[in-house]
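Let's walk through this protein together, from its core outwards. Keep the 3D view open and turn it as you read.

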Amino acid sequence: MELQTPAEGILKTNDWGDAKVYHVVCDCGADDHTHNLWVEADDIGITVSIYATVKSPWWSMNRWKQIWTLITKGYLEHQTVLTINQQTALNYAETLKTAIKDVEIFRQQRLSKKDTANQVAVKLSEQSDCV
Ligand SMILES: [Zn+2]
């Protein structure tokens with residue numbers, strides 16, 4: 001089994017060079033099971049953020065019990081689950097690895113440009129008569 005292109009279950013929604021965004025879709029198709037995957041590079045390093053937006057399941061639970069829990073605990077707990085098949089899992093892993101490599105290349109290029117700019121600034125300040 002190999003990475004598919006385009007990858008089943010993985011949808012790239014944005015790419016700014018130093019940041020890539022993907023939707024990882026659940027096999028059941030439920031929108032609140034979808035995970036959003038952000039791979040971002042900055043001067044410090046690379047971060048991967050995974051989040052999902054969940055909805056309160058008001059229709060399946062006793063509303064008064066939820067209201068009571070909210071009043072007594074101050075919060076409600078909700079979970080989401082992403083269920084993906086073997087091929088999508090492989091696509092997910094390969095997409096993550098590739099995205100990390102891509103943003104790292106972008107980050108290194110940006111850092112080398114900063115180094116060049118700093119070296120030019122140092123040379124200019126050394127050549128300057130100003131004190
Ligand atoms: Zn699902």
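## The core

Start on the inside. In this predicted model, the largest nonpolar core is made of 9 residues: Ile10, Tyr22, Val24, Leu37, Val39, Ala41, Tyr92, Ala99 and Val103. Strand S2 (19-24), strand S3 and helix H2 (86-127) each put at least two residues into this core. That fits a general habit: in soluble globular proteins, nonpolar side chains tend to be buried together.

## The overall layout

Now zoom out. The protein has 2 helices and 4 strands, and along the sequence they come in the pattern β-β-β-β-α-α. So much for the parts list; how is the whole thing shaped? Its C-alpha atoms fill a box of roughly 80 × 45 × 15 Å along the principal axes. The radius of gyration is 23 Å, whereas a compact globule of 131 residues would have one near 14 Å.

Burial is also worth a look. Of the 131 residues, 11% count as buried. As for contacts between residues at least 6 apart in sequence, 54% of them join residues at least 24 apart.

## The sheet

The 4 strands form an open sheet, in the order S1-S2-S3-S4, with antiparallel pairing. Strand S1 (10-15) and S4 sit at the edges with a single partner strand each, so each has one side without a neighbour in the sheet. On average, neighbouring strands are turned by 20° against each other, ignoring direction. What holds strands together like this? Strands of a sheet pair through backbone hydrogen bonds, either parallel or antiparallel.

Let's take the pairs one at a time. S2 and S3 are antiparallel partners with 6 bridges, and here Lys20 stands opposite Val39 of S3. Strand S3 (residues 35-41) also pairs with S4 in the antiparallel sense, again over 6 bridges. A hairpin of 4 residues takes the chain from S3 to S4. Across this pair, Ala41 faces Ile46 of S4, and Leu37 has Ile50 of S4 as its bridge partner.

Is strand S4 mostly buried or in the open? Of its 6 residues (46-51), the number buried is 0, so S4 lies largely in the open.

## The two helices

Helix H2 is the one to find next. It has 42 residues and spans 62 Å from its first C-alpha to its last, close to the 62 Å expected at 1.5 Å a residue. H2 lies across S1, S2, S3 and S4, and runs at about 25° to S3.

Which residues of H2 are buried? They are Thr88, Asn91, Tyr92, Thr95, Ala99 and Val103. The cover over these buried residues of H2 includes S1, S2, S3 and S4. Now look at the spacing of the numbers in that list and keep this rule in mind: an α-helix has 3.6 residues a turn, so residues three or four places apart point the same way.

Helix H1 (residues 63-73) is another story. It is hardly covered, and the count of buried residues among its 11 residues is 0. Just after H1 comes Gly74, which takes a positive phi of about 90°.

## Two residues up close

Where does Val103 lie? It is in helix H2, and it counts as buried because it has 23 C-beta neighbours inside 10 Å, with 20 being enough to qualify. Leaving out residues up to four places away in sequence, Val103 touches Asp18, Ala19, Lys20, Val39, Glu40, Ala41 and Ile46. Val103 and Asp15 are 88 residues apart along the chain, yet their C-alpha atoms are separated by 9.7 Å.

Next, try Val39, which belongs to the core along with Val103. Setting aside neighbours within four places in sequence, Val39 is in contact with Lys20, Ile46, Val48, Ala99, Ile100 and Val103. One of those contacts, Lys20, is also the residue that stands opposite Val39 when S2 and S3 pair.

Technical notes. Residues numbered from 1 in each chain as written. Predicted model: local features only at pLDDT ≥ 70, side-chain atom pairs only at ≥ 80, totals over all residues. Buried ≥ 20, exposed ≤ 12 C-beta atoms within 10 Å, placed from the backbone. Pairing = 2+ DSSP bridges. Core = buried A, V, L, I, M, F, W, Y, C linked by C-beta atoms within 7 Å. Contact = placed C-beta atoms within 7 Å. Axes fitted to C-alpha atoms, helices over the stretch in contact; angles between N-to-C directions. Rg over C-alpha atoms; globule rule 2.2 N^0.38 Å. Expected span 1.5 Å × (residues − 1).
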